[in-house]
Each structure stands twice: as C-alpha cells, then as structure tokens.
Amino acid sequence: MSVQRVLTGITTSGTPHLGNYAGAIRPAVAASRQPGVESFYFLADYHALIKTTDPLRVQRSTLEIAATWIAAGLDTDRVWFYRQSDIPEIPELTWLLTCVCGKGLLNRAHAYKAAVDRNTAEGVDPDAGVNMGLYMYPVLMAADILMFKAHSVPVGRDQIQHIEMARDMAGSFNHLYGEHFVLPEAAIDASVATLPGLDGRKMSKSYDNTIPLFAPTAELKKLIFSIVTDSKAPGEPKDADGSALFQLYQAFSTAEETRAMRTAFDEGIAWGEAKQALFEKIEAAVAPMREHYLALIAEPARIEKHLHEGAAKARAIATPFLGELRRAVGLRNLASVPGEAKAEKAKTAQPQFKQYREADGRFHFKLIDADGRLLLQGEGFASPREAGAVVAALKAGSAFEMKEAALWLAGAQVAVLADGVDEATLCAALGAFAD
C-alpha cells in the first residue's frame with residue numbers, strides 16, 4: 001500500500017503541556033500535511049478513566065486537548081479526528097485482542113511492573129491498588145492502533161513497548177484467523193520524543209513538573225525561570241547535554257539556533273540569560289496558537305461538532321472492519337454454510353514469524369510451525385527494523401535449496417535451528433511463505 005496511515009492520541013486526564021506539543025502534536029500535525037499520508041488523531045478518554053475518577057476533569061481535558069490540536073493547525077477536514085469513546089468498535093476489538101493476548105505479555109508491561117515493584121518494596125500485596133484498567137492498558141492501546149490499520153505511531157520512548165505489544169497481538173490474531181491486521185511501527189524524533197520538566201525528570205502530569213502549553217505569558221515566564229539548574233556561575237562552562245533548559249530550547253529552535261546556544265553554554269552563559277532566551281523562544285511559538293485556543297475554548301459546541309463529524313468518518317472504516325473480524329473469529333450469522341469456519345481455519349494454519357524484545361533491550365524473532373513448535377530462533381538485534389530485515393530475507397529466500405538455506409543462516413550468524421529441527425523442516429516451513 002503506497003498510502004501510509006499515521007495514528008496518535010493523548011489521554012484526556014489533564015491540561016496539554018509543552019511535552020505533549022513537541023513530542024506528539026507538532027510532529028503529527030506536520031505529518032498530516034505530507035502527501036501520501038492518512039492521519040488519525042483521537043482523544044483517548046477511555047484511557048483517562050484509568051488515571052482519574054473525576055468526570056469533570058475528563059470532560060474539561062477532552063475540551064482542552066481538542067482545542068489544542070485545532071489551534072496547533074490540525075485540518076479536521078483533511079484528517080480523521082475523533083473521540084475514542086465515540087467509536088464503540090474499539091472496546092469490542094479490545095475484547096477480541098484480549099482473547100489472543102498472553103497474560104505473560106501483559107505481566108511484562110512497564111507500568112504494571114513498576115506498580116508491582118513499588119508494592120513489593122513497600123511490603124504489601126504485589127497487586128495492591130492495581131486495577132484492571134492499568135493492567136489491560138496495552139490491549140486497549142493496541143485496539144486503538146489496529147482498528148485503523150496504522151502503519152506508523154508517533155510515541156515517546158517509554159511507549160515503544162506498547163507498539164511492540166500491539167504487533168505481537170496483531171501477529172497472534174493473524175496467525176489464528178488470517179491476515180487482517182497491519183503490524184505498526186513506532187515513530188520517534190530522537191531530539192524531542194521526551195522533554196524534561198521543571199525538575200529535569202520527564203515532563204509528566206504524574207510528576208507535577210509540567211509547563212502548560214497555553215499558560216498566560218506571565219505564568220509561562222515564571223515557570224521557565226523556575227526550571228532547576230546547577231550552581232555554576234556566569235562565565236563557567238555549562239553542560240548543555242545534561243541541561244533540561246537546553247533540551248527545551250532545542251525542541252523549539254532550528255539547528256543553527258541550537259548550535260549557537262550550545263556555544264553559549266560552552267562559553268558560560270548565565271542561567272538567567274539562558275532562561276530568558278528560552279522564554280522568548282517558546283512565547284514566540286505559542287502566542288499565535290494561544291489566541292486561537294482561547295477562542296475555541298469559548299465555543300465548546302463548535303468543537304463538539306468537529307468530533308461528531310470525525311466519529312462518523314472514523315466509523316465508516318471501523319464498522320465494516322469489525323464485521324470482518326467478527327466473521328473471522330466465528331461470530332457469524334447462523335445461516336452460514338456448516339464447516340466453513342473449519343475450512344478457513346485449516347487454510348490459515350501455517351508457520352509464523354514472531355518478533356519480540358527481551359529484558360536486555362535486544363530485539364529477537366522466532367519461527368514457529370502451525371502447531372506452535374519452535375523451528376528457528378533469531379539472535380539479538382539492536383532494533384526491531386534490523387530483526388524485521390532478517391525475517392524479510394528469510395521469507396524472500398524461501399525458495400532456497402536446503403543446503404543453501406543452512407549455509408546462509410550459519411554464515412550470517414543471525415539465527416539458529418531449534419533442537420530437533422533439521423534443514424528440511426526449516427525449508428518446508430519457509431516454503432509456506434512462498435506459497
């Protein structure tokens with residue numbers, strides 16, 4: 001498919017901050033203007049229920065985030081812009097994915113593991129305070145992505161694992177029921193994927209260290225001047241790479257401006273002078289958007305109209321696709337031809353490559369047969385793209401003679417045969433991809 005689909009969203013549990021804008025909204029809006037791109041943007045209000053039980057906060061945040069995206073330049077006529085809860089097909093898809101998702105996969109989710117580790121350290125029940133919303137978060141996120149067959153999902157580095165989980169669930173479903181889902185890729189801008197907050201940690205509502213995107217000018221300046229810095233005096237060289245202030249400046253500046261600021265750090269710029277430069281840079285970027293944002297906030301019915309139109313547009317895709325998925329799993333009209341499901345199952349049962357990430361951060365793949373037996377185990381790779389390239393080569397090379405396939409694997413040192421598996425079995429499995 002030549003058209004690329006890009007999907008992103010923000011949880012509606014707080015006020016949008018600079019990190020949301022630089023790490024997700026700005027690059028996503030820019031991508032929506034590119035030729036050959038179909039862009040999907042959603043307000044993740046179901047996800048918000050995991051983090052807050054305050055209904056007024058959810059409602060207010062939904063309004064603020066919708067206004068933010070539009071004020072940031074999003075053309076709602078050109079893209080798919082919708083509220084997650086307006087698409088009933090998404091929670092139904094979540095259940096279908098739940099039925100193919102291993103509990104072990106969710107046990108490894110960063111947010112859940114962090115909660116368990118915290119409870120263990122405090123000597124309480126490992127699952128104390130953990131609701132099923134937190135535990136099932138990766139499945140709902142996978143449904144958000146897979147429903148619209150997104151190819152690319154702009155995320156921060158802390159969300160890469162969730163994209164990998166979505167790929168795993170999609171692969172499991174495709175293996176069982178046929179090729180229905182597109183396997184998404186994470187898209188990260190290394191320079192702005194995660195911005196630091198006032199205290200140097202990741203800018204996050206949970207750390208209470210954010211800078212609201214549309215804070216009034218006076219408040220914006222006060223917050224910027226409260227950013228934590230070290231005690232180095234004017235004239236002393238300063239570490240740009242370790243400075244939250246510099247990272248924020250870089251996110252709103254050109255490459256040339258960033259180089260100039262790095263030089264200023266090396267030459268010992270005073271912290272007050274650097275903070276003033278950062279304030280002026282951010283204020284220049286957000287002031288025009290702030291004016292548009294305030295006008296939108298004053299007309300919530302106008303935003304609601306945009307969301308209703310976006311939901312109708314999104315459901316035009318989601319409704320027929322869910323019908324396809326329901327039929328695939330057997331939720332069918334009882335007048336269907338008996339035995340059809342069995343025939344389709346037999347047709348889709350075939351060897352499958354699975355890609356995953358280990359605790360050491362390396363990316364692996366494995367080839368399993370139709371019965372789930374391990375045939376081939378990939379070595380560790382630095383990125384999912386590298387692992388995927390080897391998988392693609394194996395699929396493309398499925399016409400190799402047995403000896404050639406074995407020699408290629410041995411020479412490249414990218415994978416090893418599982419115990420008890422010979423070259424003939426491997427080549428027969430690879431032949432299924434050629435078929």
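This report covers a sheet, two pockets and a few individual residues of a predicted model.

Residues are numbered from 1 along each chain as its sequence is written, and side-chain values use heavy atoms, with hydrogens and water left out. Because the model is predicted, local features need pLDDT of at least 70 and side-chain atom pairs count only at pLDDT 80 or more, while totals for chains, interfaces and linings use all residues.

## The open sheet

Four strands make an open sheet in the order β6-β7-β8-β9, with antiparallel pairing. Strands here are DSSP runs of E with at least two residues, helices are runs of H or I with at least four, and both are numbered from the N terminus. Two strands pair if DSSP finds at least two bridges between them.

β6 (352–357) and β9 (415–417) are the edge strands; each has a single partner, so one side of each lacks a neighbour in the sheet. Neighbouring strands are turned by 20° against each other on average, direction ignored. Axes for such angles are lines fitted to C-alpha atoms, for helices over the stretch in contact, and angles run from 0 to 180 degrees between N-to-C directions.

β6 and β7 (residues 363–368) run antiparallel and are joined by six bridges. Within this pair, R357 stands opposite F363, and Y356 has H364 as its bridge partner. On the other side, β7 pairs with β8 (residues 374–378) in the antiparallel sense over three bridges. There L367 of β7 is bridged to L376 of β8. The β7–β8 hairpin has five residues between its strands, and G372 takes a positive phi near 90° in it.

How enclosed is β7? Five of its six residues are buried, so the strand is largely enclosed by the rest of the structure. Buried means under 20% relative accessible area, exposed over 50%, and partly exposed in between (1.4 Å probe, protein chains only). Helix α8 (residues 160–177) lies across β6 and β7 and runs at about 165° to β6.

## Two pockets

Pockets are found on a 1 Å grid over the protein atoms alone: a pocket is an open set of points where a 1.4 Å probe fits, with protein on both sides within 12 Å along at least five of seven lines, and lining residues have an atom within 4 Å of a point. Grid points are joined across faces, edges and corners, and a volume is the space filled by probe spheres set on the points.

| Pocket | Volume | Nonpolar | Polar | Charged |
|---|---|---|---|---|
| Largest | about 1600 Å³ | 24 residues | 19 residues | seven residues |
| Second largest | about 610 Å³ | eight residues | six residues | nine residues |

In these classes, Ala, Val, Leu, Ile, Met, Phe, Trp, Tyr, Cys and Pro count as nonpolar, Asp, Glu, Lys and Arg as charged, and the others, Gly among them, as polar.

The largest pocket has 50 lining residues; K51, Y137, D158, Q159 and K202 lie nearest its centre. Among the elements that give two or more residues to this lining are β1 (4–11), α1 (18–32), β2 (37–44), α7 (132–146) and α8.

The second largest pocket is lined by 23 residues, and L105, R108, Y356, R357 and E358 are the closest to its centre. α6, α8, β6 and β7 each supply at least two lining residues. α8 gives the largest share, six residues.

## β2 and β3

β2 and β3 run parallel, joined by four bridges. L43 stands opposite R83 of β3. Strand β3 (residues 80–83) is covered on both faces: W80 and Y82 are buried on one side, F81 and R83 on the other.

## Individual residues

K149 has a positive phi near 50° and is not a glycine. This residue lies in the loop between α7 and β4. K149 is partly exposed, at a relative accessible area of 27%.

D208 is another non-glycine residue with positive phi, about 55°. The loop between β5 (185–187) and α9 (217–224) holds D208. Is D208 buried or exposed? D208 is exposed, with a relative accessible area of 70%.

T258 sits in helix α11 (residues 255–266). At 9% relative accessibility, T258 is buried. Setting aside neighbours within four places in sequence, T258 is in contact (heavy atoms within 4.5 Å) with F246, Y249, Q250 and S253.
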